[in-house]
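Let's take a walk through this protein together. Have the sequence and the 3D view open side by side, and we will go from one pair of strands out to the whole chain.

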Amino acid sequence: MLFSLGMLAQAQQVTFYTPNTVRIVKQAPDRKEMPGDNLSLVVTAHPQQVKLKESLQGDEHIYSSSALTVKVNTATQQVTFLNAKGEVLLTEAGHSFTPIQNGPDKGRVKVKQSFRLEQGEPIYGLGLLQNG
């Protein structure tokens, strides 16, 4: 199930692939379509039919499956993931899009996204992809 929040400051898509797998796609507000934009070498699965509840509570757009809830703050675009019990799994701390001015990626953007961690919570994997 795909939801698009394109009317907000930046385009953002929330796509549930299964009840406990969701993909969030954010795009810079002034983004221009470029060749290869829809190609993903990481996400190769296809979304399944997932029964979802959608609601708007204050500044939060909420999408819930039987296993996972995704809250998107409509003012900041920050995303929070919760389990079926309503316990926070992960909260986005911020994100930014910086235009690339030179080189072969000119016209694209450098993306930065950070998440809040619990005191002493370790992070595993993907460290090698931080700059590229």
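A good place to start is a single bridge: Glu-92 has Phe-115 as its bridge partner in S9. That bridge belongs to the pairing of S8 and S9, which run antiparallel and are joined over eight bridges. Please keep in mind along the way that this is a predicted model.

Now step across to the pairing of S7 with S8. Strand S7 covers residues 79–83 and strand S8 covers residues 88–99, and the two pair in the antiparallel sense over three bridges. You can pick out Thr-80, whose bridge partner in S8 is Thr-91, and Leu-82, whose partner in S8 is Val-88. The hairpin formed by S7 and S8 has four residues between the strands, and there Gly-86 takes a positive phi near 85°.

These pairings are part of a wider arrangement. Follow the order S4-S5-S6-S7-S8-S9 and you have traced an open sheet of six strands with antiparallel pairing. Why is one side of S4 and of S9 left without a neighbour in the sheet? Strand S4 (53–57) and strand S9 (109–116) stand at the edges and each has a single partner strand, so one side of each stays unaccompanied in the sheet. On average, neighbouring strands of this sheet are turned by 20° against each other, direction ignored.

Next, look for the side chains that gather together. In soluble globular proteins, nonpolar side chains tend to be buried together. Here the largest nonpolar core has eleven residues: Val-14, Phe-16, Val-22, Val-50, Leu-52, Tyr-63, Leu-68, Val-70, Val-72, Val-79 and Phe-81. At least two residues of this core come from each of strand S2 (12–18), strand S6 (68–73) and S7. Which strand gives the most to this core? That is S6, with three residues.

Finally, zoom out to the whole chain. The protein has nine strands and zero helices, and reading along the sequence gives the pattern β-β-β-β-β-β-β-β-β. Of the 132 residues in the protein, 26% are buried. The protein exposes about 9500 Å², and carbon and sulfur atoms supply 52% of that area. As for how the chain meets itself, take the contacts between residues at least 6 apart in sequence: 35% of them join residues at least 24 apart.

Methods:
Residues numbered from 1 in each chain as written. Predicted model: local features only at pLDDT ≥ 70, side-chain atom pairs only at ≥ 80, totals over all residues. Heavy atoms only, no water. Pairing = 2+ DSSP bridges. Axes fitted to C-alpha atoms, helices over the stretch in contact; angles between N-to-C directions. Buried < 20%, exposed > 50% of the residue type's maximum accessible area, 1.4 Å probe, protein only. Contact = heavy atoms within 4.5 Å. Areas by Shrake-Rupley, 256 points an atom, 1.4 Å probe, with all protein chains shown as cover. Core = buried A, V, L, I, M, F, W, Y, C linked by side-chain atoms within 4.5 Å.
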